[in-house]
Amino acid sequence: MFTLFETFLAVYETKSFTRAADHLFVSQPTITVRIKKLETELNTVLFVRGKNQEIMATEAAEIFYGRAVEYLADWDELQKTIRQSDEARRPFKIAVSHSAATSIMPLIFKTFIADLPKLDVEITLNNSEKVFDLVSNHEIHFGIIEKPIMGDQLISIPLFRDELVLAGDQTSGIFFIRETGSGVSHYTQKYLKEQQIIPKNLIRMDNNDMILAHVKAGLGASILSKRFMSNEIPYQEIGKGFKRMFYGLAYADEQDSLIKKLIEQIRAVSEFN
């Protein structure tokens, strides 16, 4: 009906089927068909031709014009409201540690799929200490880390168990380690110290996938999550001290009711719930 109303207004205001067609970027026969259809719907005649073939509005058209203008104004307002609603999506910022990004984040993402129309979601990758800082400063709404860090401004939610293993070629003299601040780096340094191991070549990398690719290629060893192990990678368990937890972090004084609801939905999928 919107198209019919729009066409009627164009003909009424230009007093010409030709000018109306030019205004709407359609052919004149299309204008004629639309007006005929509208007249059929209303069961009345809207336009007649005068003595000089000029287009004249009937009394019915004069009455209908005001209502048509209101209809289109309401339509424009409705579109504006819908656009504003879309623009008003609430930001939901998440930061995850490297190990959590591929193994835990998909499980968390499932919890808010139904809420996506209301959200503007942003997910970033950082090491555990950076995630902790971002949540503490309320720069993000939720974080997932892989080492126990506590803070007065934070709520810590145990999510899933994990186990670190010694993976790769231990005879190569090459040991890959994550950057300082990473949860895996924390445990790697702990392992090397406990075992009194001083690798000949200690290679720092700031990406789990890169370390995993080098280990899988047989280029050295590293401490990695058992979640990433496959038949291609030799590995061994290294003790209870390397069984760890993935934690969710949220800002303790969060005021946004939607964000609080999302965090509760995430809490619900914890294996400790």
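Visitor: Does I174 count as buried, exposed or partly exposed?
Guide: In this predicted model, I174 has a place in strand β7, which covers residues 174–178. Its relative accessibility is 27%, and the class in between buried and exposed starts where buried, under 20%, ends and stops where exposed, over 50%, begins. Because 27% falls between those two limits, I174 counts as partly exposed.

Visitor: What distance separates the C-alpha atoms of I174 and T7?
Guide: Along the chain, I174 and T7 are 167 residues apart. The chain is divided into domain 1, residues 1–86, and domain 2, residues 89–272, and by their numbers T7 belongs to domain 1 and I174 to domain 2. In space, the C-alpha atoms of I174 and T7 are separated by 75 Å.

Visitor: How far apart do the C-alpha centres of domain 1 and domain 2 lie?
Guide: Domain 1 takes in residues 1–86, while domain 2 takes in residues 89–272. The C-alpha atoms of the whole chain fill a box of roughly 105 × 40 × 25 Å along the principal axes. Between the C-alpha centres of the two domains, the distance is 61 Å.

Visitor: What radius of gyration does the protein chain have, when a compact globule of 273 residues would have one near 19 Å?
Guide: It helps to begin with the box that the C-alpha atoms fill, which is roughly 105 × 40 × 25 Å along the principal axes. For a compact globule of 273 residues one would expect a radius of gyration near 19 Å, but the protein chain has 33 Å.

Visitor: Why does L249 count as buried?
Guide: L249 is found in strand β11, which covers residues 243–251, and, leaving out residues up to four places away in sequence, L249 touches several others, among them F132, V135, I145 and I149. Buried means a relative accessible area under 20%. L249 is therefore buried, since its relative accessible area is 0%.

Visitor: How far apart in space are L249 and F142, C-alpha to C-alpha?
Guide: In sequence, L249 and F142 are 107 residues apart. Even so, F142 is one of the residues that L249 touches. Measuring distance in space from C-alpha to C-alpha, L249 and F142 are apart by 5.6 Å.

Visitor: Which residues does S156 touch, not counting those up to four places away in sequence?
Guide: S156 has its place in strand β6, and with a relative accessible area of 24% it is partly exposed. Once the residues up to four places away in sequence are set aside, S156 touches M150, Y247, G248 and L249.

Visitor: Is E163, in strand β6, buried or exposed?
Guide: Strand β6 runs over residues 154–168, and E163 has its place there. Beyond its neighbours within four places in sequence, E163 is in contact with L224, S225, K226, E237, F242 and K243. Its relative accessible area is 12%, and because the limit for this class is under 20%, E163 is buried.

Visitor: What separates the C-alpha atoms of I263 and G248 in space?
Guide: I263 lies in helix α10, residues 257–268, and it is buried, with a relative accessible area of 7%. Residues up to four places away aside, I263 touches H141, F142, I157 and A250. I263 and G248 are 15 residues apart along the chain, and their C-alpha atoms are separated by 9.0 Å.

Visitor: Where does H138, which is not a glycine but has a positive phi, lie?
Guide: H138 has a phi of about 55°, and at 34% relative accessibility it counts as partly exposed. The residue lies in the loop between α7 (128–136) and β5 (142–145).

Visitor: Is Q196 buried or exposed?
Guide: Q196 also has a positive phi, of about 50°, although it is not a glycine, and it is found in the loop between α8 (183–194) and β8 (201–205). Its relative accessible area is 71%, and because exposed means over 50%, Q196 is exposed.

Visitor: What share of the 273 residues of the protein chain count as buried?
Guide: The chain has ten helices and eleven strands, and L249 in strand β11 is one example of a buried residue. Of the 273 residues, the share that count as buried is 42%.

Methods. Residues are numbered from 1 along each chain as its sequence is written. This is a predicted model: local features need pLDDT of at least 70, side-chain atom pairs count only at pLDDT 80 or more; totals for chains, interfaces and linings use all residues. Side-chain values use heavy atoms; hydrogens and water are left out. Domain bounds come from an automatic or database domain assignment. Helices (H or I, at least four residues) and strands (E, at least two) are DSSP runs, numbered from the N terminus. The radius of gyration is taken over C-alpha atoms; the globule rule is 2.2 Å times the number of residues to the power 0.38. Buried means under 20% relative accessible area, exposed over 50%, partly exposed in between (1.4 Å probe, protein chains only). Contact means heavy atoms within 4.5 Å.
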